[in-house]
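Colleague: I would like to go through this model step by step, from the overall fold down to single residues. Please reason briefly and finish each reply with the value or name I ask for.

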Amino acid sequence: MSVKFNHTIIHAKDQVASARFLAELLGLPEPTRFGHFHVVKLTDGASLDYMTTQEAISAQHYAFLVTEEVFDSLIAKIRDRKIQHWADPFGRQENQINTHDGGRGVYFQDPSGHYMEAITVPYGGW
């Protein structure tokens, strides 16, 4: 029996804005509406289901393994739009990327304060 990740719910102050922000930066299709969610479909079939909440949002971390081409496009958009970003999860290396395990990585926040990460090589180089 195999186990695959299918979806997760991400709380947002504005589900439409947050879903579109991520989909556009990562070059994914326009989010779709499903029930009371705004859904970002990833290329592996999993989805991020954004849900608006008025409650305080506890920032979470979401990491994406991307191709070199997607990373090039992502970092260009981040820099063009002057989106704050870091090479490290602690925010000490501002406006930089990392080169862990022979790949590239970057951290940035979505409109609701969640920490997004894009890497081109999985940690450990697997």
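Modeller: Agreed; note that this is a predicted model. One place to begin is helix α1, residues 15-26, which lies across β1, β2, β3 and β4.

Colleague: At about what angle does α1 run to β4?

Modeller: The angle is taken between N-to-C directions on a scale from 0 to 180 degrees. On that scale, α1 runs to β4 at about 150°.

Colleague: How many helices and strands does the protein chain have, and in what order do the elements run?

Modeller: The secondary structure comes to two helices and eight strands. Read from the N terminus, the order of elements is β-α-β-β-β-β-α-β-β-β.

Colleague: Which strands are the edges of the sheet ordered β1-β4-β3-β2?

Modeller: This is an open sheet of four strands with mixed pairing. Its neighbouring strands are turned by 35° against each other on average, direction ignored. An edge strand pairs on one side only, and that holds for β1 (7-12) and β2 (32-34).

Colleague: Within that sheet, what is the bridge partner of Lys41 in β4?

Modeller: Strand β3, residues 37-41, and strand β4, residues 47-52, run antiparallel and are joined by four bridges. Lys41 has as its bridge partner in β4 the residue Ser47.

Colleague: Why is one side of β5 and of β6 left without a neighbour in the other sheet?

Modeller: Four strands form this open sheet, in the order β5-β8-β7-β6 and with mixed pairing. β5 and β6 (85-86) stand at its edges, so one side of each has no neighbour in the sheet, the reason being that each has a single partner strand.

Colleague: What is the bridge partner of His85 in β7?

Modeller: β6 and β7 pair in the antiparallel sense, over two bridges. His85 is bridged in β7 to Phe108.

Colleague: Which strands of this sheet does α2 touch, and what angle does its direction make with that of β7?

Modeller: Both helices can be placed against this sheet. α1 packs on it, touching β5, β7 and β8, with its direction at about 160° to that of β7. α2 packs on the sheet too, touching β6, β7 and β8, and its direction makes with that of β7 an angle of about 45°.

Colleague: Which element gives the most to the largest nonpolar core?

Modeller: That core has 26 residues, and those with the most contacts inside it are Tyr50, Phe64 and Phe108. Elements that give two or more residues include β1, β4, β5 (61-65) and α2 (68-80). With six residues, the element that gives the most is α1.

Colleague: Which residues does Phe64 touch, leaving out those up to four places away in sequence?

Modeller: A contact here needs heavy atoms within 4.5 Å. By that criterion, the residues touched by Phe64 are Leu22, Leu26, Leu42, Leu48, Met116, Glu117, Ala118 and Ile119.

Colleague: Is Glu94 buried, partly exposed or exposed, and at what relative accessible area?

Modeller: Glu94 lies in the loop between β6 and β7. Not counting residues up to four places away in sequence, Glu94 touches Gln84, His85 and Trp86. Buried means under 20% and exposed over 50%. Glu94 is therefore partly exposed, with a relative accessible area of 40%.

Colleague: What radius of gyration does the protein chain have, against that of a compact globule?

Modeller: Of the 126 residues, 40% count as buried. A compact globule with 126 residues would have a radius of gyration near 14 Å, and the chain agrees with this, at 15 Å.

Notes. Residues are numbered from 1 along each chain as its sequence is written. This is a predicted model: local features need pLDDT of at least 70, side-chain atom pairs count only at pLDDT 80 or more; totals for chains, interfaces and linings use all residues. Side-chain values use heavy atoms; hydrogens and water are left out. Two strands pair if DSSP finds at least two bridges between them. A nonpolar core is a set of buried Ala, Val, Leu, Ile, Met, Phe, Trp, Tyr and Cys residues joined through side-chain atoms within 4.5 Å. Buried means under 20% relative accessible area, exposed over 50%, partly exposed in between (1.4 Å probe, protein chains only). The radius of gyration is taken over C-alpha atoms; the globule rule is 2.2 Å times the number of residues to the power 0.38.
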